[in-house]
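Okay, thanks for coming, everyone. I'd like to walk you through one small part of a structure today, so let's get it up on the screen.

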Amino acid sequence: MNRQIPAFIAALMAMAAPAVAQDVEPIEIRMIANMGVLISQGEKRVLIDALFTDVYDGRFRVPTEADRTAMMDGTGEFGRSTLFLFTHSHGDHFHGPSVMETFQRQNTGQLIGPHDVLVAANGGNEIIRTALENLPVGGPFSDWQRERNGFDMDSRLMFHADGIDNLTYALTFGETTLLHLGDTDPDRADLTVWDDMDIDVVMYPVWWAQSELGQAKLRGDWADARHIALHIPAHISREDAVAHFGEGHVLVDAGERITIDPGDHD
Ligand SMILES: [Zn+2]
């Protein structure tokens, strides 16, 4: 009888210990290329805009061959069955055939993105296209997804260009929320869509730095958040980008990392 009590307490502690440890683990943002990043906290990980091939006539960087292979095979830092998020279907963010092949190689896969991304990742499948047609784009994780992935997610549309959906993502690890804006155009998008959420890290495309409205948002409502510039053109070196934005506020080359201390948030 009294042997059961220590066993019971041990079981409770075993359940509680990992949860406590996970909360204090740092969150890491690891550069892939352009706006592509791997966000991880311990074993929890998610890739955003990370699998693509189009350099747009040399204007943008693409993933290195080593990263591309590891992402597709699910090896190294890109564990098998890592969740793939895509903001939109442009070729400097997303490549449908590569995503298809990834899920074939890994024999599993999870993908979230706007309709055209989901259709393209399924080889243009008409059944999928039809099934998606009347569904809204974006939304929060289900309880099941939250449980499975170990973090929370919400997604909302923000304007990028006519005729294409650009889905932005807020990922919450414990108390820390990171926002990835995809290719949002600050001069035409509704910049209030995330105002109900406390944002700790904003990953924005570099043209926000040249937009008055973009600057006002970053320096106003998001003044307390960590700002990280992405989508740095290929002709700008890491050195020049860091000289402009400051170390820890821009990601350029594959393998660069920014660590977020979960205690940093307000
Ligand atoms: Zn782009």
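**Strand E2 and its neighbours**

Let's start at a turn. E2 and E3 form a hairpin with two residues between the strands, and Gly-42 in that hairpin has a positive phi near 60°. Keep in mind, by the way, that this is a predicted model.

Now follow the strands away from that turn. E3 covers residues 44-48, and its pairing with E2 is antiparallel, over five bridges. If you want one pair to look for, take Ile-39, whose bridge partner in E3 is Val-46.

E2 has another partner, too. Strand E1, residues 27-33, also pairs with E2 in the antiparallel sense, again over five bridges. Here you can find Ala-33 opposite Gly-36 of E2. The hairpin of E1 and E2 has two residues between the strands, and this time Asn-34 is the one with a positive phi near 60°.

So, is E2 itself mostly covered or mostly open? Mostly covered: E2 runs over residues 36-41, and six of its six residues are buried. Gly-36, Leu-38 and Ser-40 point one way, Val-37, Ile-39 and Gln-41 point the other way, and all are buried.

Two of those residues come up again in the core. The largest nonpolar core has 61 residues, and Val-37 and Ile-39 are among those with the most contacts inside it. Leu-171 is on that list as well. And what does Leu-171 touch, leaving out residues up to four places away in sequence? Its contacts include Ile-39 and Val-46, along with Phe-151 and Met-153. Thr-177 and Leu-178 are in contact with Leu-171 too.

Definitions and conventions
Residues numbered from 1 in each chain as written. Predicted model: local features only at pLDDT ≥ 70, side-chain atom pairs only at ≥ 80, totals over all residues. Buried ≥ 20, exposed ≤ 12 C-beta atoms within 10 Å, placed from the backbone. Helix = DSSP H or I, 4+ residues; strand = E, 2+ residues; numbered from the N terminus. Pairing = 2+ DSSP bridges. Core = buried A, V, L, I, M, F, W, Y, C linked by C-beta atoms within 7 Å. Contact = placed C-beta atoms within 7 Å.
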